[in-house]
Amino acid sequence: MNKINSLSPPQSIILAIESSCDETSAAVLIDGKVRSNVVATQTIHQKFGGVVPELASRAHQQNIIPVVREALENAKINKNQLTSIAYTKGPGLLGALLVGSSFAKSFALALDLPIIEVNHMQAHILAHFIEDKKPNFPFICLTVSGGHTQLVVVKNYLEMEIIGQTLDDAVGEAFDKTAKNLNLPYPGGPLIDKYAAIGNPLAYQFPIVEMPELNFSFSGIKTAFLYFLQNNTKKDPLFIENNLSDICASIQYTLIQILLKKLKKASLNTGINEIAIAGGVSANSGLRKTLLEEGKKLNWNVYIPKLEYCTDNAAMIGMAAYYKAIEKQFSSQQSSPEAGLLF
Ligand code: KG4
Ligand code: ZN
């Protein structure tokens, strides 16, 4: 056996697979520590302005074996040393999930290993336990991705309660659709972030629709951005080209204000000041900066994941699987992935 710890042999060596959307990823975790995390991002969707589900499934098929092989090699682990195999059960694109789950189940069957199903959104939150600065329970996590916008009270590793969420589009979708309208390729979030960094966030104002309780809505604002762009390009065909940074900065500022307002309300309602963000949009530099500044003012302990653990990755799936394995929450070979899975 490979020598990992000279004092005692590892108890848990998990191979984790993530294939819910457009990243094929595999990671190896030894006793809860990430030893490798390989992510193959599918670039084929760029020209379509969004993820094309069938193309995503095909790309996962092409990527999965090389990605798993690389993850095992990087961790210096032989497949016979594995103690369990984890995969994303959902939510996600069904065809994409099926590639990861079928691979994981077949590999587990061949190696006679238990399987662990992981909820993708729980995994985004548990990415906070990969690094050393870990939040204390209970904490609030604002989980912001391409498919979800949720406020979650995290009571323990596997005990979470959604206290607010979007009633229509996700904030990542608002970033991506707006970018598409600005003629930027998919995924537009990182590009809006890049241009926003050199723009004036107060150059343009947009109406914010108040949502009840801790819920969000992004479909109205997404349409407002579209009309704003249409009206201005009618008057000046070069409006976008000449004002791209200011447009991106103003749109990003508005989206961050919506998120922060509800996060503050969630903290006030629950009395919790341990505050975390997770998911692809938590990579946004404006959101990260605003959260740190507001957190200081409000006496929050703020937790922000490393960039590589914000967007989809298998390390976070492995982290969630590690805690599930401790609780002996293994799954049956008969279970199937679920596109619209909640916690
Ligand atoms: O968590 P994730 O990788 O996949 C899902 O579970 O959906 O999130 C992807 C989303 C996309 O909408 C992408 O545009 C957004 O995260 N994103 C960003 C940034 N990086 C990724 N949005 C704003 N700023 C960024 N820097
Ligand atoms: Zn995700």
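This report describes the zinc site and the surroundings of ligand 1 in a predicted model.

## The zinc site

Three residues coordinate the zinc ion (ligand 2): His120 and His124, each through NE2, and Asp312 through OD. The coordination distances run from 2.0 to 2.1 Å. Along the sequence, the donors follow the spacing H-x3-H-x187-D.

Histidine 124 belongs to helix 3 (residues 120-126), while aspartate 312 is found in the loop between strand 10 (301-303) and helix 9 (314-326), so this pair ties together parts that lie 188 residues apart in sequence.

## Burial of two donors

Are histidine 124 and aspartate 312 buried or exposed? Histidine 124 has a relative accessible area of 1%, so it counts as buried, the limit being under 20%. Aspartate 312, at 13%, is buried as well.

## The shell around ligand 1

Ligand 1 sits in the largest pocket. The shell around ligand 1 is made of 19 residues, and the closest are Gly146, Asp176, Asp193, Gly280 and Asn284. Helix 3, helix 4 (171-181) and helix 5 (189-196) each contribute at least two residues to this shell.

## Polar contacts and cover

Which side chain has an N or O atom 3.1 Å from an oxygen atom of ligand 1? The side chain is that of histidine 124, a residue that also coordinates the zinc ion (ligand 2). An oxygen atom of ligand 1 is also 3.3 Å from a polar backbone atom of glycine 189. In the side chain of asparagine 284, an N or O atom is 3.0 Å from a nitrogen atom of ligand 1. On its own, ligand 1 has 550 Å² of accessible area, and the protein covers 91% of this.

How values were computed
Residues numbered from 1 in each chain as written. Chains lettered and ligands numbered in written order. Predicted model: local features only at pLDDT ≥ 70, side-chain atom pairs only at ≥ 80, totals over all residues. Heavy atoms only, no water. Donors = N, O, S within 2.8 Å, 3.2 Å for Na, K, Ca; no water. Helix = DSSP H or I, 4+ residues; strand = E, 2+ residues; numbered from the N terminus. Buried < 20%, exposed > 50% of the residue type's maximum accessible area, 1.4 Å probe, protein only. Near = heavy atom within 4 Å. Polar contact = N/O pair within 3.5 Å; in protein donor to acceptor, adjacent residues only side chain to side chain. Areas by Shrake-Rupley, 256 points an atom, 1.4 Å probe, with all protein chains shown as cover. 1 Å grid on protein atoms, 1.4 Å probe; cavity = no way out; pocket = protein on both sides within 12 Å on 5 of 7 lines; lining within 4 Å. Sits in = over half its atoms within 2 Å of the grid points.
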